[in-house]
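Dear colleague,

Please find below the structure that I am handing over to you. My notes on what was found in it follow directly after.

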Amino acid sequence: MTNKKIWATTLALLLSALICDSKTGVPCPPKCKCRFRQKSAKCGGLQTIPKLPHYVKHVLFAGTNFTTVSDVLLFNLSQNTIASLDFVDTNTVNVEPDAFSAFLNLTHLSFDSNRKLNPDVVPAFLNQTLNLHEINLESNGWNSIPVFMFAGLQDSLLKKISLKNNNIKYVSASFFSDVHSLEQLDLSRNDLTEFNTTGFESTNILTVNIGFNHLLHIPSFCGPLGTKTGNYTTLDLTSNPVYSLNQSSFSCLRNLRTLKLDEISVRELKNNTFADLPRLRSLKMNSNSVHINRIELSAFNSSSLQRLSFGANRFRFDRQNNSNLRMFSFSAELVP
C-alpha cells in the first residue's frame, strides 16, 4: 500500500469517527465500556452517573458506590431511551420511590448482590415503575421478604420475577397474587421447606423454578377446592430432597410440558407416576441423590412424553432384561 493510500485510509477512519461522535453527541466516559451494536454500556468504580452516548439503551453498573438510587443520581440518563438497568454490587441501601418514574421505556431492572439493600423499599419504586416486564432481586442475602413486596401491581406489565440465590425461608404464591401479568417466577437457591401455590390463580403463571431448596415433598398445585392454581407449563424442582413420588404428586398440572426432577432423593418410582400429565413432553431425572432400587413396570406411563433424561442413577436398563425395557412401551411418544 502506498503512502497516499495509507493517509487516505487514515483520514477516512478519522472522518468516520468524527461523524460517529457527531451522531452520538456524547463520547463514552472513563470507567465505562460502550458498545454501539449492542446499544449498551457497562460502568464500574463510579460515585455518580455520567452522561452516556445517546445510542445506549442498556446499562450495567457494577462495583459502584450508589448508596441511594434516586432520580437525581439517574438524571444524566434521562436523555437516553433506557430499556434496561442493572445494579450489581453497587452498595445500594435505599431506592427512592420515584427513582425510575422518568424512564417510560424501562422494561428490565435488577438489583443483584446488594446485601445492604432494604427489601422494604422495593414496593414503593415498583408501584411507580409499572412498565417493567422483568425485575431481578438476586443474591442480596435476604432471609425474608415482606408480604407486601409485590402488592398493588394489578396494572403493571411485570411478567418475570427472580428472587434466586437469597436465603429466603418462607414465601408463598399469595405474595405475588396482585401481579396479574406474572408468567415466570424464580425462587431457586433459597432455603424454602414448603411452598403454597394458592394465590397464583389471579396471575398468568406458566413457569416456576423452586430448584435448590429444601422441599421434602412436591408442593400441591391444587387450590383449597381442588382446582388448579395456574396453567403451569414448566416446573423445576432440581436438587430438593424430595423422597417420594406417586400419581397424586402432580395433580392439577394438566398443562405441564417440562418437568425437571434432577438430584432429588426418591428410592422408587411407582406405577403411573406421570400419567396425569397429558401434555408432558420433557422429563429430567438425572443424578438422583440416593440409589433408585425399584422402578415399577408402568412408572413412565405417559401418552405424551417425548424426551426422558435419566442418567447417573445407578439403575441399569439392560436389553437382555425384557422387564426393564418393557416399561418404555407405556410411553408411545418417547423418542429413542
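Is strand S7 (residues 108-112) largely enclosed by the rest of the structure or open, and why? The model is a predicted one, and in it 5 of the 5 residues of S7 are buried, so the strand is largely enclosed by the rest of the structure. The side chains of His108, Ser110 and Asp112 point one way from S7, while those of Leu109 and Phe111 point the other way. Residues of both groups are buried.

Strand S7 has pairing partners that I should also describe. Strand S5 (residues 84-88) runs parallel to S7, and the two pair over 5 bridges. Within this pairing, Phe87 has Phe111 of S7 as its bridge partner. S7 also pairs with S8, again in the parallel sense, over 3 bridges. Here Leu109 is matched with Ile135, its bridge partner in S8.

Strand S1 (residues 32-35) presents another arrangement. Its side chains alternate: Cys32 and Cys34 point to one face and are buried, whereas Lys33 and Arg35 point to the other face and are not buried. S1 pairs with strand S2 (residues 40-44) in the antiparallel sense, over 4 bridges, and the bridge partner of Lys33 in S2 is Lys42. Together S1 and S2 form a hairpin with 4 residues between them. In the turn of this hairpin, Lys39 has a positive phi of about 55°.

I turn next to the charged side chains. Side chains of opposite charge can pair when their charged atoms come close. With a cut-off of 4 Å between a side-chain nitrogen of Lys or Arg and a carboxyl oxygen of Asp or Glu, the count comes to 5 salt bridges.

One of them joins the side chains of Lys160 and Glu134, at 3.9 Å from N to O. Lys160 belongs to strand S9 (residues 160-162) and Glu134 to strand S8 (residues 134-136), so this pair ties together parts that are 26 residues apart in sequence. Strand S8 is thus met twice in these notes, as it also pairs with S7. Lys160 is partly exposed, with a relative accessible area of 29%.

A further salt bridge is formed by the side chains of Lys169 and Asp191, at 4.0 Å from N to O. This pair links distant parts of the chain, 22 residues apart: Lys169 is in the loop between S9 and strand S10 (184-186), and Asp191 is in the loop between S10 and strand S11 (207-209). Lys169 counts as partly exposed at 48% relative accessibility, and Asp191 is partly exposed with a relative accessible area of 25%.

Arg294 forms a salt bridge with Glu296, their closest N and O atoms being 3.0 Å apart. Salt bridges that share partners join Glu268, Arg294 and Glu296 into one network. Arg294 is partly exposed, at 42% relative accessibility. Glu296, by contrast, has a relative accessible area of 18% and is buried, because buried means under 20%.

Finally, there is a patch of positive charge on the surface, where Lys228, Arg254, Arg257, Arg279 and Arg281 gather. Among these residues, Arg254 is found in the loop between strand S12 (234-236) and strand S13 (258-260).

Yours sincerely

Definitions and conventions. Residues numbered from 1 in each chain as written. Predicted model: local features only at pLDDT ≥ 70, side-chain atom pairs only at ≥ 80, totals over all residues. Heavy atoms only, no water. Patch = residues over 30% accessible without salt bridge, like charges linked within 9 Å, V, L, I, M, F, W, Y side chains within 5 Å. Areas by Shrake-Rupley, 256 points an atom, 1.4 Å probe, with all protein chains shown as cover. Lys, Arg positive; Asp, Glu negative; His and termini not counted. Charge placed at Lys NZ, Arg CZ, Asp CG, Glu CD. Buried < 20%, exposed > 50% of the residue type's maximum accessible area, 1.4 Å probe, protein only. Pairing = 2+ DSSP bridges.
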